[in-house]
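Here's a set of exercises to work through with the model open next to you. Try each task before you read its solution.

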Amino acid sequence: MAHSLLVMKFGGTNMQGAAAIRHSASLAARSTRGGVRVVVVVSAMAGVTNGLLRLAEAAQGGDIASANDEIAAMRTRHFTAAQDLGAAPDSAAVREIRELHETLRQAVYGVYLLRELTPRSRDLIVAFGERLSAPLMALALSGQGIQAHHLTGGQAGIMTDAHFGNARPLPGSYERTRDRLGGLLDAGITPVVAGFMGENEEGAITTLGRGGTDFSATIIGKALHADEVWAWKDVDGVMSADPRVVPDARNIERLSYGEVMELAYFGAKVLHPLAVTPLQESGIPLRVKSAADPDFPGTLVGAEPDGDAAHPVKAVTAIRGVSLINVTGAGVLGVPEVVASLFAAIARENITLLMVSQSSSMSNVSLAVQSADARRTLAALRGGMTGELKVEEQPGVAVLAIVGAGMRGQKGVAARLFSALASEDVNILMISQGSSELNISVAIDAAEVDTATRAVHAAFGLGERAGAPA
């Protein structure tokens, strides 16, 4: 099928050094040479985002020396890549990389002086990863004879609210992005956009949440009415399970937007959970492709799931590092306002609930949260609750989820899940099924999660599907 406009997103592993960036640029160039207009959206070089978070926290703790060492190492890494990609020492690209590191150093010094890392300054610092990798991609493209121009997310037109660390695009973003990038494309220039970031109405840099480069790419895809958005990864596409846990995991050819959101929510590190939302409204397909095997079709995500009655479940995925928070209090929880205050306390802290279960006698409610949020959750509940309530944490839990649109209306899916778990003596701590019937999730002991994943993958025959492209 001929495409006229593609948005291509390259993740951190496809940007980790000069060789990887050159290969990624060649993938974009392949399409451009075929007469397709391409917008490239890039992540930071692999490991840089975590490095930036580390150095921001070091500065906040007063350790400016280790923050500066980390900046120096990062600077060397970006300079080396620029030189390998053919930039002269006095070129504009090298000058820009030097200036960006200087600005980063000043921002980090400010955090050190104040001993305070606000969400706003964290976003400013952490967005440097993408701001530094975009010029490298532009260099690599020009090395392939393609005229490129790099922009920050804000310059590309992505305007967001001021929810730092997890910002959402404002409705006006789409028109701005169309104007700004459309002009470059019309002039025959390939835009390279720094992913994961936008700016709020005051011009402050915001980030879209971890994995937000996918989100940047789909916002741009919707703005430009792209034919498809391609997310280039270091895997073949979306897999039926984590291949490191399940050796016979396979690529899934087709998924619906809803299925992919469920998978992303339940820990499959495929896409940002909100990445498909801009595409849903316009019906633009998203393709997850392998940079190592560019001719492999990968996984196509669109409006319709493929209805395969023999395989109602598409994938099994797991979230590790989970704690159950059990709230008990005889009779107290029967009162609706008590339950309301419990959820209000959690909402105030902006804590994501993975699962919720309530006993019919109303005397206890169990909540599954990431263990990293457990302390905050306990504090919020103990502070925001009235009455004789006991709040306890049960750590060392994992949530295992099966996902597939084919479960809707198909009997026996839950039975197959539970008997697969029972056959391996896996104890179920909690069960939840959404009314959308796209997933069933269970909380189990973290030590059993790999065994459980393999058993469930086998029980639904997920390793047997023909992996060959249709």
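**Exercise 1. Start from one bridge and work out the neighbours of a strand.**
Task: Begin at Lys9, find which residue stands opposite in β7, and then work out how β7 pairs with β1 and with β9.

Solution, step by step:
- Lys9 stands opposite Ala231 in β7. Keep in mind that you're looking at a predicted model.
- Next, look at the whole pairing: β1 and β7 are joined by five bridges and run parallel.
- Now go to β9, where Leu286 is the residue opposite Val229. Here too the pairing is parallel, over five bridges.

**Exercise 2. Look at the two faces of β7.**
Task: Sort the side chains of β7 by the way they point, and decide whether they are buried or exposed.

Solution, step by step:
- Start with the general idea: side chains in a regular strand alternate between the two faces of the sheet.
- In β7, one group is Glu228, Trp230 and Trp232, while Val229, Ala231 and Lys233 point the other way.
- Both groups are buried, and buried here means under 20% relative accessible area.
- Six of the six residues of β7 (228–233) are buried, so the strand is largely enclosed by the rest of the structure.

**Exercise 3. Put β7 into its sheet.**
Task: Give the strand order of the eight-stranded sheet, and say which strands sit at its edges.

Solution, step by step:
- Follow the order β3-β4-β2-β1-β7-β9-β10-β8; the sheet is open and its pairing is mixed.
- The edges are β3 (148–151) and β8 (254–256), each of which pairs on one side only.
- How far are neighbouring strands turned against each other? The average is 20°, with direction ignored.
- For an antiparallel example, take β9 (286–290) and β10 (299–302), which share three bridges. Val288 has Thr299 of β10 opposite.
- Then add a helix: α10 (257–265) packs on the sheet and touches β8 and β10, and its direction makes about 85° with that of β8.

**Exercise 4. Describe helix α6 and its partner.**
Task: Find out which strands α6 lies across, and how α6 packs against α3.

Solution, step by step:
- α6 lies across β1 (5–10), β2 (37–42), β3 and β4 (190–194), and runs at about 160° to β4.
- Check its length: the 16 residues of α6 reach 23 Å from first C-alpha to last, close to the 22 Å expected.
- Just past the helix, look for Gly145, which has a positive phi near 80°.
- Of those 16 residues in α6, 14 are buried, so the helix is largely enclosed by the rest of the structure.
- Now for the partner: α3 (64–84) and α6 (128–143) pack at about 10°, with axes 9 Å apart. Angles under 35 degrees count as roughly parallel, and α3 and α6 are therefore roughly parallel.
- At the contact, His78, Ala81 and Ala82 of α3 meet Leu132, Leu136 and Leu139 of α6. By class, that makes five nonpolar residues, one polar and no charged ones.

**Exercise 5. Try the six-stranded sheet.**
Task: Trace this sheet, then explain why β16 is described as largely enclosed.

Solution, step by step:
- The order is β12-β13-β11-β14-β16-β15, in an open sheet with antiparallel pairing.
- β12 (355–358) and β15 are the edge strands, pairing on one side only. Neighbours are turned by 30° on average, direction ignored.
- β11 (315–328) and β14 share eleven bridges, and one of the partners to look for is Ala401 in β14, opposite Thr317.
- β14 (390–403) meets β16 over seven bridges, with Ile402 partnered by Ile440.
- On the β15 side (428–433), five bridges lead to β16, and Ser432 stands opposite Ser441.
- Six of the seven residues of β16 (439–445) are buried, so the strand is largely enclosed by the rest of the structure.
- Finally, place α12 (336–348) across β11, β12 and β13 (364–370), running at about 10° to β13.

**Exercise 6. Zoom in on one residue.**
Task: Is His457 buried or exposed, and what does it touch?

Solution, step by step:
- Find His457 in helix α15 (449–459).
- Its relative accessible area is 1%, so His457 is buried.
- Leaving out residues up to four places away in sequence, the contacts of His457 include Ser240, Asp248, Val316 and Leu462.

Key: Residues are numbered from 1 along each chain as its sequence is written. This is a predicted model: local features need pLDDT of at least 70, side-chain atom pairs count only at pLDDT 80 or more; totals for chains, interfaces and linings use all residues. Side-chain values use heavy atoms; hydrogens and water are left out. Buried means under 20% relative accessible area, exposed over 50%, partly exposed in between (1.4 Å probe, protein chains only). Helices (H or I, at least four residues) and strands (E, at least two) are DSSP runs, numbered from the N terminus. Two strands pair if DSSP finds at least two bridges between them. Axes are lines fitted to C-alpha atoms, for helices over the stretch in contact, and angles run from 0 to 180 degrees between N-to-C directions. Angles under 35 degrees count as roughly parallel, over 145 as roughly antiparallel, 65 to 115 as roughly perpendicular and the rest as oblique. Contact means heavy atoms within 4.5 Å. Ala, Val, Leu, Ile, Met, Phe, Trp, Tyr, Cys and Pro count as nonpolar, Asp, Glu, Lys and Arg as charged, and the others, Gly among them, as polar. The expected span of a helix is 1.5 Å times one less than its number of residues.
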